[in-house]
Amino acid sequence: MSQNFKVGLIGAGNIAKEHLSVINDIDKISVTGITSRTLSKAGELANQFKIDNVYLDYRELINSSSPDALIVTVSPDQTFSLLKRLIPYQIPLFIEKPPGLFPNQTNDLVDLANKYNVNNMVGYNRRFYSIFHKGIKLINENGRLLGIAVEGHERFWKIFDKVPKVVRENWIYANSTHTLDLLRFFAGNIKLINSLSKSLNEKNGDQFVGSVEFDTGTIGSYSSHWYSPGGWSVKLYGVNTTVEYCPLEEGIWIDSKFKIHKILPDKIDINYKPGFYNQMLTFIEMIETGVLNWPGVDLQDSLKTMELAKGFFVE
């Protein structure tokens, strides 16, 4: 009989709910307790997902329920300070990004996790999109990835008054790392980057353009204009094959005769928030084996994406 892992959930926002929807349908994992700064929200999720225990804080959750792992889904401005207190408990962690609001914060967490030998995973769910992996397979079947173009326009004016100032000022880390990480996911380690940035309103920039060369020889580009209507997209250029995701949740590929084919998502990416099911399976595997397998990202790997983001800043 397979082991059932007990996890504690810290945070009770919309993303926590998405994780619970997945956990509810996976036999190997269950939630032993939940806590949140707003206990009423924790209570609502506990009722909805039949979680037995609502705790006053993370200390009570850990001491009373002895979880095998913790899932941290608190707001970006709270994550770093909370993780500094959680890591010394030496419990495996799933952390919704960003783990820190600045690279130096994430670097401190890397050092702390290494000191206490804590296995960890940072939530970049788009790495687990089934249509992304199908696109990679199509490119590789016909040769290799020659080029990549990522657009990460942020619609910044829509969130300006909805997030704390410290999060707004570090939005490239708090949110843009989702699309910047796709450069590394699809094409690997970055060898060289040349970037330009401008600022309309934000002191650290709100318009970014960069050209990138990867260790594999792939070349690519990244652009993000925060005050211009648009969305997120990825284009992959292979031999006789082009793959496009625009929006990211929809995929097509174009063959050498310019015929367009749809890339259909797996059922799990239709039934749940895309990427979340396979992301959770990877986390469970990490709890079980102590090894985080690709395409999972840990603190050390997420720091590389944050350092990439830092290269775009106006300073």
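Visitor: How do H1 and H2 lie relative to each other, roughly parallel or roughly perpendicular?
Guide: In this predicted model, H1 and H2 are roughly parallel to each other. Helix H1 covers residues 14-23 and helix H2 covers residues 39-49, and they pack at an angle of about 20°. Angles under 35 degrees count as roughly parallel, hence the label.

Visitor: What about the distance between the axes of H1 and H2?
Guide: Their axes are 11 Å apart.

Visitor: Is the crossing left-handed or right-handed?
Guide: H1 passes H2 in a right-handed crossing.

Visitor: Which residues make the contact?
Guide: From H1 there are Ala16, Lys17, Leu20 and Ser21, while H2 brings Leu45, Gln48 and Phe49. Sorted by class, the contact has four nonpolar, two polar and one charged residues.

Visitor: Switching to cores, which residues touch the most other members in the largest nonpolar one?
Guide: That core has 41 residues, and the ones touching the most other members are Phe132, Ile148, Phe186, Val234, Leu236 and Tyr245.

Visitor: Which elements feed into this core?
Guide: Those giving two or more residues include helix H6 (130-141), strand S6 (145-152), helix H9 (177-187), strand S10 (232-238) and helix H12 (299-310). H9 gives the most, with six residues.

Visitor: And Leu236, what does that leucine touch?
Guide: Leaving out residues up to four places away in sequence, Leu236 touches Ile139, Leu145, Gly147, Ile148, Phe186, Thr241, Thr242, Val243 and Tyr245.

Visitor: How many residues are in the other core?
Guide: Another core, lying apart from the largest one, has 30 residues, among them Phe5, Ala42, Ile51 and Met280.

Definitions and conventions
Residues are numbered from 1 along each chain as its sequence is written. This is a predicted model: local features need pLDDT of at least 70, side-chain atom pairs count only at pLDDT 80 or more; totals for chains, interfaces and linings use all residues. Side-chain values use heavy atoms; hydrogens and water are left out. Axes are lines fitted to C-alpha atoms, for helices over the stretch in contact, and angles run from 0 to 180 degrees between N-to-C directions. Helices (H or I, at least four residues) and strands (E, at least two) are DSSP runs, numbered from the N terminus. Angles under 35 degrees count as roughly parallel, over 145 as roughly antiparallel, 65 to 115 as roughly perpendicular and the rest as oblique. A crossing is left-handed if the near helix is turned anticlockwise from the far one by less than a right angle, and right-handed if clockwise. Contact means heavy atoms within 4.5 Å. Ala, Val, Leu, Ile, Met, Phe, Trp, Tyr, Cys and Pro count as nonpolar, Asp, Glu, Lys and Arg as charged, and the others, Gly among them, as polar. A nonpolar core is a set of buried Ala, Val, Leu, Ile, Met, Phe, Trp, Tyr and Cys residues joined through side-chain atoms within 4.5 Å. Buried means under 20% relative accessible area, exposed over 50%, partly exposed in between (1.4 Å probe, protein chains only).
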